[in-house]
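Work through these exercises with the structure open. Try each task before reading its solution.

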Amino acid sequence: MKKSILENKSIKSFLDFFSRASISAIFISSIPGKINGFEKTVEYISSKGIPDPISSILLIGAIICLILGSGFFIFGENQKIGAVLLLLFLIPTTIIFHVFPFHQRAVLMNLGLIGGLIITALREPI
């Protein structure tokens with residue numbers, strides 16, 4: 001019987017890495033803007049009713065989650081930790097910035113990312 005291409009361990013490993021890198025691209029691309037526009041981002045967070053000192057702390061936490069989460073998610077043996085760190089960033093971000101007022105496209109896109117991250121957090125490594 002013919003073997004499926006997805007039964008090849010090398011191909012599965014490559015596709016797994018490619019998938020994690022693709023999911024992480026959206027998070028990685030947002031890091032420079034948050035760092036370079038730190039004060040402006042703090043102002044935006046504060047505009048959602050969060051006090052300035054807390055906004056700064058939350059932004060620092062978000063940047064740390066994005067950097068470490070993406071790194072672990074793509075390269076680390078601890079992909080599950082990376083997925084959880086990215087979820088810690090993405091879930092509150094979605095609720096705070098996209099639910100009220102409701103931004104359908106952003107919410108649905110983030111729900112897709114959340115689903116992919118949850119699948120990674122729950123699955124057994126390849």
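**Exercise 1: the pocket**

Find the largest pocket and describe its lining.

Solution. The largest pocket has a volume of about 550 Å³. Its lining has 25 residues, and Lys 34, Ala 62, Phe 89, Thr 93 and Phe 97 lie closest to the centre. Next, assign elements: α1 (9-36), α2 (38-46), α3 (52-74), α4 (79-99) and α5 (104-122) each give two or more lining residues. The largest share, eight residues, comes from α4. Finally, sort by class: 18 nonpolar, six polar and one charged.

Terms. On a 1 Å grid over the protein atoms alone, a pocket is an open set of points where a 1.4 Å probe fits, with protein on both sides within 12 Å along at least five of seven lines; lining residues have an atom within 4 Å of a point. Helices are DSSP runs (H or I, at least four residues).

The model is predicted: local features need pLDDT of at least 70, side-chain atom pairs count only at pLDDT 80 or more, and totals for chains, interfaces and linings use all residues. Numbering starts from 1 along each chain as its sequence is written, and side-chain values use heavy atoms, without hydrogens and water.

**Exercise 2: the cores**

Which residues have the most contacts inside the largest nonpolar core?

Solution. A nonpolar core joins buried (under 20% relative accessible area, 1.4 Å probe, protein chains only) Ala, Val, Leu, Ile, Met, Phe, Trp, Tyr and Cys residues through side-chain atoms within 4.5 Å. The largest has 16 residues; Phe 27, Leu 66, Leu 86, Phe 89, Leu 90 and Leu 117 have the most contacts inside it. α4 gives the most to this core, six residues. A second, separate core of six residues includes Ile 45, Ile 50, Leu 59 and Ile 63.

Conventions:
Grid points are joined across faces, edges and corners, and a volume is the space filled by probe spheres set on the points. Ala, Val, Leu, Ile, Met, Phe, Trp, Tyr, Cys and Pro count as nonpolar, Asp, Glu, Lys and Arg as charged, and the others, Gly among them, as polar. Buried means under 20% relative accessible area, exposed over 50%, partly exposed in between (1.4 Å probe, protein chains only).
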